[in-house]
Amino acid sequence: MRDPAGQNLLLSHGPYRAEVVTVGAGLRSLSYAGRPLVAGYPTGSMCPDYRGWVLMPWPNRVGDGRYEFGGRRHQLPLTEPERGNALHGLVGWVEWTVAHHDDARASLRLALVPQTGYPYLLDLAVDYELTDAGLRVALVATNTGEVAAPYGTGHHPYFRFGDSPVEDVTLALPATTYCPMDERGLAGPAQPVDGTAYDFREGRRIGEAVIDHPFGGLTGSDATITGPDGSTITLALHEGFGWLHVFTSDTHDPPRRSLAVEPTTCPPDAFRSGVDLVVLEPGETHRASFTVAGG
């Protein structure tokens with residue numbers, strides 16, 4: 001029987017194990033020394049809650065699905081109709097092509113064709129590689145069309161520490177700003193974290209905090225999540241990423257059992273606000289990468 005998530009590509013290196021799927025080029029599972037690092041999903045099932053999604057050609061939301069670029073108005077399909085947003089890009093439910101797969105590495109490719117709301121031609125690549133340092137993920141886009149294209153990217157891992165709720169997790173973020181969010185999940189202008197409930201620079205227990213916010217003004221590259229048993233997960237940003245979106249999974253079933261820390265190139269609604277929006281000129285390539293490590 002066909003797996004709804006497509007081919008399941010197994011990766012292994014040292015204490016790390018991972019599964020990558022061809023539908024959406026997503027990360028289905030990741031473990032370190034037998035301990036699951038992410039909230040995954042079993043083979044034979046469709047991806048729930050955007051777990052391990054690749055977010056291209058925009059991360060998070062475009063309000064009303066409507067934006068202007070290059071002197072033209074565009075209308076994207078509203079994939080979050082209850083809030084009136086276009087959510088998480090265009091590649092999550094598309095079957096990607098496997099360009100390479102060996103014991104420790106999987107490379108997937110997709111030619112994104114022009115379509116309603118996004119009439120641009122991009123060649124996309126996602127590379128996963130297990131090394132001694134953890135799972136390195138690289139997201140690459142090349143504009144193969146004849147006009148400039150708006151672009152952003154991100155990845156959507158949900159981290160977990162057994163059955164521990166997020167209340168018991170300690171989060172450290174090197175972020176000096178955050179964006180207030182409205183009821184539709186759209187970001188306002190960045191504000192300093194000083195004196196707010198969103199200051200995690202020194203690392204602190206999440207407790208009762210409800211978070212679904214982008215964090216910017218990064219002064220370092222590493223975000224660290226520590227479980228109640230002292231085990232850690234480190235997300236290290238490399239080239240291309242300047243934001244981290246944190247979500248305490250309050251709307252999931254069951255709620256608050258995993259913590260999304262999403263590397264992104266821009267905050268939500270960047271197609272309309274222009275904040276850190278990437279403009280890909282014809283022939284130009286954008287690269288962004290990060291590593292997840294257990295400890």
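How many cavities of 30 Å³ or more does the structure hold? The answer is three. Keep in mind that this is a predicted model. Besides those cavities, there are pockets to look at, and the largest pocket comes in at about 430 Å³.

**The largest cavity**
- The space inside the largest cavity is about 50 Å³.
- Its lining takes in F159, R160, F161, S164, V166 and V169, along with I225, R257, S258 and L259.
- Sorted by class, that lining of the largest cavity splits into six nonpolar, two polar and two charged residues.

**The largest pocket**
- With a volume of about 430 Å³, the largest pocket has 25 residues in its lining.
- If you want to find the middle of the largest pocket, go to R61, R83, D212, F247 and T251, which lie nearest its centre.
- Two strands to pick out here are β21 (212-218) and β24 (243-247), as each gives at least two residues to the lining of the largest pocket.
- Charged residues number 10 in the lining of the largest pocket, next to eight polar and seven nonpolar ones.

**The second largest pocket**
- The second largest pocket holds about 220 Å³ of space.
- Its lining is made up of 14 residues, and A39, R51, P254, R257 and S258 sit closest to the centre of this second largest pocket.
- As for class, the lining of the second largest pocket has six charged, six polar and two nonpolar residues.

**Residues to look at twice**
- R257 and S258 turn up in the lining of the largest cavity, and they are also among the residues closest to the centre of the second largest pocket.

Methods: Residues numbered from 1 in each chain as written. Predicted model: local features only at pLDDT ≥ 70, side-chain atom pairs only at ≥ 80, totals over all residues. Heavy atoms only, no water. 1 Å grid on protein atoms, 1.4 Å probe; cavity = no way out; pocket = protein on both sides within 12 Å on 5 of 7 lines; lining within 4 Å. Points joined across faces, edges and corners; volume = space filled by probe spheres on them. Nonpolar A, V, L, I, M, F, W, Y, C, P; charged D, E, K, R; others polar. Helix = DSSP H or I, 4+ residues; strand = E, 2+ residues; numbered from the N terminus.
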